[in-house]
Amino acid sequence: MKRWLRRRVDRAYEQLLSREISGAPTHVAVIQDGNRRYARQRGGDAPDGHRAGAETTERVLEWCQDVGVEELTLYTFSTENFERPDEENEELFDLLREKLYEFADADRVHDNEVCIRVLGDVERLPERVQDAVEFAEERTRGYDRFVLNIALAYGGRTELLSAVRSVARDVDEGDIEPEEIDVETIESRLYDRTVRDVDLIIRTGGDERTSNFLPWHANGNEAAVFFCTPYWPEFSKPDFLRGIRTYEHREASWRRTRARRALALLGAVSEPELSEAKSIVDRFRDSLPTGERPDEDEETDGLEAGGPTAD
């Protein structure tokens, strides 16, 4: 297909997808896979792919802001990546340092009040990267309109293990009782500042796995997942919009399921649970197909039939 025709088709498809999208996830997490394969496919080296991928990252940041995403997390360097050749990693560290300083000074970052944060075992990174991390975080610390998390030296299991060990030490020292441990206790040990639950994970490069990415915030929230075949440098806005559409479909399905489960509870459980079920039905009534929606009388009948009887 000629390039000009391909561009016209892509633009038309992008416009179609944009019209189909009515909302956006709050937190999108991206596994940027395929930089090295992209470079090899074109006869280049891994650093060429990483630089091409960095350009995609900048575009994705803009797309997120365009559709109303409030937090973006990028899986940039995992703990397993330390096993790659030193020469390749050193060039990647140089690129990370360069981009962190560049982002922290960029007008678009300050105009849009982007808060840059790094997640992971930063102390394992070279000192020059640690300095860049500190600079970027300090320069944008006061912003909260949009959050950009960059996962460096990151491992999901390591993250959870560290949090559990921290809680265990406090229990051992008598600072907290086991029965006092709750969700907030764990979350407070994961990061210095709150990370929102993940609504959508996007993975490029063709692999269909989430690679232990943000397990607490993604799996615990039953995040939608969108796998696509383009390598990260090839990831386009239509690909991104398809991911958003996947989230919307997943959200609509979740709402229908909640409503149907709540309806099934009516007339079958105790009065406190019935009140909760009726509340859920009221919230998600519009998610059900028209033929499945109960009217107010049906809900009231269900409450009367299912509630406890007086002796």
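**Aromatic pairs, strands and pockets**

At 1% relative accessibility, Y154 counts as buried in this predicted model. F213 and Y154 make an aromatic pair of the edge-to-face kind, with 5.9 Å from centre to centre and 85° between the planes. This pair links distant parts of the chain, since Y154 belongs to strand 4 and F213 to the loop between strand 5 (200–203) and helix 9 (215–218), 59 residues apart. Both partners, Y154 and F213, are buried.

A pair of aromatic rings is described by two quantities, the distance of the centres and the angle of the planes. In the whole structure, a search finds 10 aromatic pairs. One of them joins Y75 and Y154: the ring centres are 5.5 Å apart and the planes stand at 90°, so this pair is edge-to-face. Planes over 60 degrees apart count as edge-to-face. Because Y75 lies in strand 2 (residues 71–78) and Y154 in strand 4 (residues 146–154), the pair ties together parts that are 79 residues apart in sequence. Y75 has a relative accessibility of 9% and therefore counts as buried; the cut-off for a buried residue is under 20% relative accessible area. Y154 thus takes part in a pair with Y75 and in a pair with F213.

Two further aromatic features may be described. One aromatic cluster is formed by W63, W232, F235 and F240. Elsewhere, R108 lies over the face of F103, at a distance of 5.5 Å from the ring centre.

The strands that carry these residues were examined next. Strand 4 is mostly covered, with nine of its nine residues buried. Strand 2 and strand 4 run parallel and are joined by seven bridges. Within this pairing, E71 has V147 in strand 4 as its bridge partner. Strand 3 (114–119) also pairs with strand 4 in the parallel sense, over six bridges. Here V114 stands opposite F146 of strand 4, and the bridge partner of V118 in strand 4 is I150.

Strand 3 is itself largely enclosed by the rest of the structure, because six of its six residues are buried. Both of its faces are covered. On one side V114, I116 and V118 are buried, and on the other side C115, R117 and L119 are buried.

The largest pocket holds about 860 Å³ of space. Its lining consists of 38 residues, of which Q32, Y75, T76, F77 and N81 lie nearest the centre of the pocket. The elements that contribute two or more residues to this lining are helix 2 (35–41), helix 3 (46–67), strand 2, helix 4 (86–105) and strand 4. Helix 4 gives the most to the lining, with six residues. Sorted by class, the lining of the largest pocket contains 14 nonpolar, 13 polar and 11 charged residues. Y75, described above as a partner of Y154 in an aromatic pair, is thus among the residues nearest the centre of this pocket.

The second largest pocket has about 660 Å³ of space. It is lined by 26 residues, and those nearest its centre are V118, L119, G120, L190 and Y191. Strand 3, helix 6 (127–140), strand 4, helix 7 (156–172) and helix 8 (183–190) are the elements that give two or more residues to this lining. Helix 6 provides the largest share, five residues. By class, the lining of the second largest pocket divides into eight nonpolar, seven polar and 11 charged residues. Strand 4 appears among the contributors to the lining of the largest pocket and among those to the lining of the second largest pocket.

The backbone was also examined for unusual phi values. Most residues other than glycine have a negative phi. E113 has a phi near 50°, a positive value in a residue other than glycine. E113 is placed in the loop between helix 5 (107–111) and strand 3. With a relative accessible area of 28%, E113 is partly exposed. N212 likewise has a positive phi, near 60°, and is a residue other than glycine. N212 lies in the loop between strand 5 and helix 9, and its relative accessibility of 29% makes N212 partly exposed. That loop also holds F213, the partner of Y154; F213 is buried, whereas N212 is partly exposed.

Methods. Residues numbered from 1 in each chain as written. Predicted model: local features only at pLDDT ≥ 70, side-chain atom pairs only at ≥ 80, totals over all residues. Heavy atoms only, no water. Phe/Tyr/Trp six-rings, centres within 6.5 Å; stacked < 30°, edge-to-face > 60°. Helix = DSSP H or I, 4+ residues; strand = E, 2+ residues; numbered from the N terminus. Buried < 20%, exposed > 50% of the residue type's maximum accessible area, 1.4 Å probe, protein only. Lys NZ or Arg CZ within 6 Å of the ring centre and 35° of its normal. 1 Å grid on protein atoms, 1.4 Å probe; cavity = no way out; pocket = protein on both sides within 12 Å on 5 of 7 lines; lining within 4 Å. Points joined across faces, edges and corners; volume = space filled by probe spheres on them. Nonpolar A, V, L, I, M, F, W, Y, C, P; charged D, E, K, R; others polar. Pairing = 2+ DSSP bridges.
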